[in-house]
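Welcome, and thanks for opening the viewer. We will take one stop at a time, with something to select at each.

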Amino acid sequence: MNYHWNWHIFFEPAPDGTGTYLDMLLSGLVLTIETALLAWVIALVFGSIVGVLRTLPSKAVSWIGFAYVEFFRNMPLLVQLFLWFFVLPELLPRALGLWLKQMPHAPFWTASVGIGLFMSARVAEQLRAGIGSLPRGQKMAATALGLTTVQSYRYVLLPMAFRIILPPLTSEFLNTIKNTSVAITIGLIELTGEARAVQEFSFQVFEAFTAATVLYLLINVIVVIGMRWLERALAVPGYITGK
Amino acid sequence: MFANFDFDVIRRSLGYLFFDGMTFTLTLTGLAALGGLIFGTLIALMRLSGFKWAGRIAGLYVDLMRSLPLVLVIFWFYFLVPYIGQWLTGSSRPIRVGAFTSSLVTFILFEAAYFSEIMRAGIQSISRGQPAAAQALGLSYSQTMRYVVLPQAFRNMLPVLLTQAIVLFQDTSLVYVLSIPDFLGAASKVAQRDGRLVEMYLFAAAVYFVISSAASFGVRRLQTRIAFVH
């Protein structure tokens, strides 16, 4: 292989004048984490609402939830980001569209909202499955105790359902982090984008991508360890994984 | 809102969008699903083989692929495949690899990790009596797998495999980062050439939506039918 390796490249100053190539990658890492966290908050909030809607007895309400999930699941994330970024500002009233286009850090906000809503459909499906997996007696017991629907979700169903779906939620969170790299297409220079920039400036393709790979693996390991700890901390004694 | 909506730009580019773009997307999806399934099944067999090192290597491969964003993997292989080609053919320089080959290799290797997890679950769902009975009949390991275990695992997992294929269909749009004219790439080219981003992206979104919805509707029906047989 006649490729010229140069691992010292990371400590050489980058041409963009902000520091070394390593600094470039690390600033990308920070942006990846920020985008993923904001997207995850949005995904959890909207996903929880829609997931609950889908389990309610009302046909109409559960159909709204179904339509929401289908809408966000049946289009590629990349296309959804294009819709938010290029199409939405044109369809809004002129002033509002202009404000959206001129907003500082537009790619960051667009990516967070776009990825957040995309992931919320998946969170909703997980939550629906979690609520569905609870024994029917729980809902009945809550009703028998005189709890309203809101109360039975708030105090009985959701606390159990969220604990049950913690493991799949972990992988959805990891997916959220990975999906932030799609935002490279709307100009968000996150970790993958910075690796690409390092490659373009320095021609050291494989070093740049290796570094990005290692950083992604590192995020994965940290998230998995953190979520394992959370699972143990929240486990209900005598139930499923509880000890 | 839709006052200056130009439907004609869509009509004019239909041929390019579907004959060039969609053909690329569907060919890539089909071949990558097939290749990913074959390679993924081999990885699953490696993991379940009982050979410690084979299992460990296969596990590492799956974990690595599943922790990386597809966009990064696409970039990796885009630059790596010419060197792999050089190594395979023994030529003196990195060989030129076309956009289609490069993305096909990427998607086969990436999707294999996901298909292998599905096939592994499928193989493990077969009751232990089945391979035991096959062995009692005198079938060899490869015969047991080929004629007894894998057909059933494949059948049980068919809905999940097809769902993964739909995800793959949507994911192929990411070859956009290599400026390859797949369906979305073609739409984007027309959009930028004619300054008609709104029309083209809405149309592309609608096409993806219709195809994916129809496919997942089909998978759901298949699921109930398979469940009924059991």
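Start with the contact between helix α10 of chain A, residues 205–234, and helix α3 of chain B, residues 70–89: the crossing of α10(A) and α3(B) is left-handed. Keep in mind throughout that you are looking at a predicted model.

**Stop 1: across the two chains**

Select those two helices and draw their axes. Two packed helices are described by the angle between their axes and the distance between the axes. Here the axes come within 11 Å and cross at roughly 155°. α10(A) is therefore roughly antiparallel to α3(B), an angle over 145 degrees being the cut-off for that word.

Now show side chains. On the α10(A) side, pick Val205(A), Phe209(A), Ala212(A), Thr213(A) and Tyr216(A); they meet Leu72(B), Phe75(B), Trp76(B) and Phe79(B) in α3(B). Colour this group by class and you will find 8 nonpolar residues, 1 polar and no charged. As you look at the spacing along each helix, a reminder may help: an α-helix has 3.6 residues a turn, so residues three or four places apart point the same way.

**Stop 2: the whole interface**

Widen the selection to everything in contact between the chains. Chain A contributes 28 residues and chain B contributes 29 residues. On chain A, helices α3 (77–91), α9 (191–202) and α10 each supply at least two residues of the side that touches chain B. Which helix of chain A gives the most to this side? Select α3(A), which supplies 8 residues. Coloured by class, the side of chain A that touches chain B divides into 18 nonpolar, 6 polar and 4 charged residues.

**Stop 3: a crossing inside chain A**

Hide chain B for a moment and select helix α5 (residues 106–133) and helix α7 (residues 149–164), both in chain A. Their axes are 8 Å apart, and the helices pack at an angle of about 115°. The crossing of α5(A) and α7(A) is right-handed.

At the contact, Leu127(A), Gly130(A), Ile131(A) and Ser133(A) from α5(A) meet Leu157(A), Ala161(A), Phe162(A) and Ile164(A) from α7(A). The classes in this contact are 6 nonpolar, 2 polar and no charged residues.

**Stop 4: along α7(A)**

Stay on α7(A) and centre on Leu157(A). Where does the helix kink? The kink, of about 45°, lies at Leu157(A), shortly before the proline Pro159(A). Leu157(A) is also one of the buried residues of α7(A), together with Tyr153(A), Ala161(A) and Ile164(A). To see what covers these buried residues, switch on other parts of chain A: the cover includes α1 (21–55), α5 and α6 (136–144).

**Stop 5: zoom out, chain by chain**

Show all of chain A as a cartoon. It has 10 helices and 0 strands. Its C-alpha atoms fill a box of roughly 70 × 55 × 30 Å along the principal axes. Of the 243 residues in chain A, 40% are buried. Among contacts in chain A with a separation of 6 or more, 73% join residues 24 or more positions apart.

Then bring chain B back. Chain B has 8 helices and 0 strands, and its C-alpha atoms fill a box of roughly 70 × 55 × 25 Å along the principal axes. Buried residues make up 39% of its 230 residues. For contacts in chain B with a separation of 6 or more, residues 24 or more positions apart account for 73%.

Notes. Residues numbered from 1 in each chain as written. Chains lettered and ligands numbered in written order. Predicted model: local features only at pLDDT ≥ 70, side-chain atom pairs only at ≥ 80, totals over all residues. Axes fitted to C-alpha atoms, helices over the stretch in contact; angles between N-to-C directions. Helix = DSSP H or I, 4+ residues; strand = E, 2+ residues; numbered from the N terminus. Parallel < 35°, antiparallel > 145°, perpendicular 65-115°, else oblique. Left-handed = near helix turned anticlockwise from the far one by under 90°. Contact = placed C-beta atoms within 7 Å. Nonpolar A, V, L, I, M, F, W, Y, C, P; charged D, E, K, R; others polar. Buried ≥ 20, exposed ≤ 12 C-beta atoms within 10 Å, placed from the backbone. Bend = angle between axes of the 7 residues up to and from the residue.
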